[in-house]
Amino acid sequence: MRNDQTDPMEQEPGALKLRVHKIRVEVVKGPDAGRRAELAGLEARLGSGRDCDFVLTDTTVSRHHLLLRIERDAIRVVDLGSRNGTRLDGIEVRDAFARPDSLIVIGGTTLRLCMLSGMVELPLSTRESFGRMLGRSIAMRRVFSLLERIAPSDSTVLIEGETGTGKEVAAEGLHEASPRADGPFVVFDCSAVAPTLIESALFGHEKGAFTGATVERPGVFEQAHGGTLFLDELGELPLELQPKLLRALESREVRPLGSRGTRRVDVRVVAATSRSLAREVDRGRFREDLYYRLSVITLRLPPLRERMEDIALLVRHFEKELRVRSQARGTPLPDEAVEAFLSQSWPGNIRELRNAVERALLLGNPEPGAASHSWAPAPGALGVSLEEPLLSGRKRVMEAYEREYIERALHETGWNISRAAALAGVGRKFMQQAMTRYGLRGDSED
Ligand SMILES: Nc1ncnc2c1ncn2[C@@H]1O[C@H](COP(=O)(O)OP(=O)(O)OP(=O)(O)O)[C@@H](O)[C@H]1O
């Protein structure tokens, strides 16, 4: 679905805005037939849940069924793990791009999508960092803009993002930019504590409340009094404790284990999850009332693969930071090294990138007389582990070697496939197939 958007980022003095097309969704079949809505934003959720941007009454539609997202100049359709699935123009999809006037079937409802010529302006932050978070991509400027707007308030925030996308640094940045900055920032990881101990860790306990409770101990709510409590991996909170957390959020009081009375706490809660809590609600693993209470403001941190334009900035930042830490000098990573980072998909996100930079500095810094490309991320690390079957390890290493060889040959020849094939001693067809296999594309292929 193309549009005529030329410069999506427009800057007025002191303000940066993203101009995107509005999307219209129209129900053409099903209990809501005839209803239509204009969705003005970068993403919209559709489903039967009352927190969706377009709420459907069809009971065969999941509470959180579908996400529509404007990406560059197309509409991306993502099934949110629905019970009955999503069909886009007759094909079952999980994650696909729509065409102009595509038809989507969810449960007993058929929707027609249309990208309108009308535009909407979304605020972008002009900054390139927020606390310890860096980024200059549109996705991160949207994140910073939201953080700027919510920092002054006391509202609960839910941060969603894959592992390593920076949920904790975002929460910390929010705390530091808030009026609570002088108070404590307390982190509690719900997945790191045995389920039986979570209640006392959250709300504290009195002396003698249980075997081993030899002294009274305040929980993290009380420790965070006057500041911010970051509840990481909240999706791991046992179902039976969820009503107690909801009560604490609503009443701003906690009752320590073994205590008859309650204690007032003045805490802003920021919760994070690497699983979609909406999906957990749909599957009955997370209470709906708690989810609604937490998701008043939801911040979605984009995975690194959706903001590759931030990679160079992050690599240089980590390189500097790691050099300072290890007091290492040496030559900077060459630009080609940074480019090599761009060709990976980073499932472990920024944490993985940071580790790769560290590895490249440690293992790959060009030594005098070393091969000119010895900087590539962990080229020599075979990653031998006896826990991996030999044949799968061998395949992995061979593929990594082949991929790197082909990439270097292409670099060397300015992405001329015939010359790269000659250099490698293989046929052009082999080279093309390998490029497809490894998703390698250059700007100037012959
Ligand atoms: N935007 C960013 N700019 C710079 N560094 C970042 C950014 N985001 C994350 N980091 C760094 O990446 C690492 C992982 O970040 P963080 O622990 O906040 O991720 P997370 O989403 O909470 O991960 P997990 O879900 O695994 O707990 C940290 O070293 C952090 O400093």
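Which residues have the most contacts inside the largest nonpolar core? Okay, hi everyone, let me start there: they are Leu68, Ile159, Phe221, Leu229 and Val270, in a core of 73 residues. By nonpolar core I mean a set of buried Ala, Val, Leu, Ile, Met, Phe, Trp, Tyr and Cys residues joined through C-beta atoms within 7 Å. Buried, in turn, means that 20 or more other C-beta atoms lie within 10 Å of the residue's own; exposed is 12 or fewer, partly exposed is in between, and the C-beta atoms are placed from the backbone.

Quick caveat before I go on. This is a predicted model, where local features need pLDDT of at least 70, side-chain atom pairs count only at pLDDT 80 or more, and totals for chains, interfaces and linings use all residues. Residues are numbered from 1 along each chain as its sequence is written.

So, the overview. The chain has 446 residues, and 33% of them count as buried. Its secondary structure comes to 13 helices and 21 strands. Those are DSSP runs numbered from the N terminus: H or I of at least four residues for helices, E of at least two for strands. Take contacts between residues at least 6 apart in sequence: 62% join residues at least 24 apart. A contact here is two C-beta atoms, placed from the backbone, within 7 Å.

Back to that core. Helix H1, residues 138–150, gives the largest share of the 73-residue core, six residues. There's also a second, separate core of 16 residues, with Leu304, Ala340, Leu353 and Leu361 among them. As a general point, in soluble globular proteins nonpolar side chains tend to be buried together.

Val270 is a good one to click on. Leaving out residues up to four places away in sequence, Val270 touches Val157, Ile159, Ala171, Leu174, Thr228 and Phe230. Val270 sits in strand S20, which covers 268–273.

Now S20 belongs to an open five-strand sheet, in the order S16-S17-S20-S15-S21, with parallel pairing. Two strands pair, by the way, if DSSP finds at least two bridges between them. Strand S16 (185–189) and strand S21 (297–300) are at the edges; each has a single partner strand, so one side of each is left without a neighbour in the sheet. From one strand to the next, the twist averages 20 degrees; the axes are lines fitted to C-alpha atoms, for helices over the stretch in contact, and angles run from 0 to 180 degrees between N-to-C directions. Strand S15 (residues 157–160) runs parallel to S21, joined by four bridges, and Val157 stands opposite Ile297 in S21.

Just before S20 there's a loop from strand S19 (263–264), and Val265 lies in that loop. Is Val265 buried or exposed? Val265 counts as buried, because it has 22 C-beta neighbours inside 10 Å. Its contacts, again skipping residues up to four places away in sequence, are Phe221, Glu222, His225, Arg252, Glu253 and Val254.

Next, the other five-strand sheet. This one is also open, ordered S5-S4-S6-S7-S10, but the pairing is mixed. Its edge strands are S5 (54–55) and S10 (95–97), each pairing on one side only. Strand S4 (residues 43–47) and strand S6 (residues 66–71) are antiparallel with four bridges, and Ala44 has Leu68 as its bridge partner in S6. That's the Leu68 from my opening list.

S6 and S7 are antiparallel too, over six bridges. They make a hairpin with two residues between the strands, where Arg72 takes a positive phi near 50 degrees. S7 (residues 74–79) has two faces: Ile75, Val77 and Asp79 are on the covered one, and Ala74, Arg76 and Val78 on the uncovered one. On the S10 side, three antiparallel bridges join S7 to S10, and Arg76 has Phe97 as its partner.

Last, the ligand. Of the 18 residues around the ligand, Met133, Thr163, Gly166, Lys167 and Glu168 come nearest; near means a C-beta atom, placed from the backbone, within 6 Å. Strand S14 (133–134), helix H2 (167–176) and helix H10 (349–364) each give two or more residues to that shell. The shell divides into five nonpolar, seven polar and six charged residues. Here Ala, Val, Leu, Ile, Met, Phe, Trp, Tyr, Cys and Pro count as nonpolar, Asp, Glu, Lys and Arg as charged, and the others, Gly among them, as polar.

That's me done, thanks.
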